Amino acid sequence: MSQKKVDAYKQQKANREKIMKKEKRILMAEKLAAVVVCIAAVCWIGYSVHDKVTAEQEAVTQETVMDTSALDNYIAGLNAETEE
């Protein structure tokens, strides 16, 4: 090995602990960012599903049908009496 390579190896060996700490911090930051993104995605999906379910429940309407033929006949009878 040349003297230049030997000196570079010694410098790397001397700074190895510092370099490893920096790499661990970067790895931890990447993991933390991935966890935050996953949590955000799960919360967003959950909120969207909840929003759609509650919207469907509110959209359900109850339809009432009423037979008004008797009332129509009664009013028609009153109108016929007043016209006579």
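**Close-up views of a three-helix chain**

**View 1. Trp44, an exposed residue of helix α2.** Let's begin with a single side chain: Trp44 has a relative accessible area of 60%, so this residue counts as exposed. Trp44 belongs to helix α2, which covers residues 16-59. The model is a predicted one, and α2 has the highest mean pLDDT among the elements of the protein chain, at 92.

**View 2. A nonpolar surface patch that includes Trp44.** Which residues make the nonpolar surface patch? Trp44 is joined here by Ile45, Val49 and Val53. Together these four make a patch of about 420 Å². For the wider setting, the protein chain exposes about 8400 Å², and 61% of that area is supplied by carbon and sulfur atoms.

**View 3. Cys38 and Cys43, two cysteines without a disulfide.** Why is there no bond at Cys38? The closest cysteine sulfur, in Cys43, is 11 Å from the sulfur of Cys38, and that is too far for a bond. Seen from the other side, Cys43 is likewise in no disulfide, with the sulfur of Cys38 as its nearest cysteine sulfur. A search of the whole structure agrees, finding zero disulfides.

**View 4. Ser69 in helix α3.** Now to another helix: Ser69 lies in α3, made of residues 69-83. Its relative accessibility is 35%, so Ser69 counts as partly exposed. Some care is welcome in this view, as α3 has the lowest mean pLDDT of the elements, 84. How far apart are Ser69 and Val6 in space? From C-alpha to C-alpha the distance is 107 Å, with a sequence separation of 63 residues.

**View 5. The whole chain, for orientation.** Stepping back, the protein chain contains three helices and zero strands, and its pattern along the sequence reads α-α-α. The C-alpha trace spans about 130 × 15 × 15 Å along its principal axes. The radius of gyration is 40 Å, whereas a compact globule of 84 residues would have one near 12 Å. What share of the 84 residues is buried? The answer is 0%. As for confidence, the mean pLDDT of the protein chain is 88, and 95% of its residues reach 70 or more.

Terms used. Residues numbered from 1 in each chain as written. Predicted model: local features only at pLDDT ≥ 70, side-chain atom pairs only at ≥ 80, totals over all residues. Heavy atoms only, no water. Patch = residues over 30% accessible without salt bridge, like charges linked within 9 Å, V, L, I, M, F, W, Y side chains within 5 Å. Areas by Shrake-Rupley, 256 points an atom, 1.4 Å probe, with all protein chains shown as cover. Salt bridge = Lys/Arg side-chain N within 4 Å of Asp/Glu carboxyl O. Helix = DSSP H or I, 4+ residues; strand = E, 2+ residues; numbered from the N terminus. Buried < 20%, exposed > 50% of the residue type's maximum accessible area, 1.4 Å probe, protein only. pLDDT = per-residue confidence, 0-100. Disulfide = S-S within 2.5 Å. Rg over C-alpha atoms; globule rule 2.2 N^0.38 Å.
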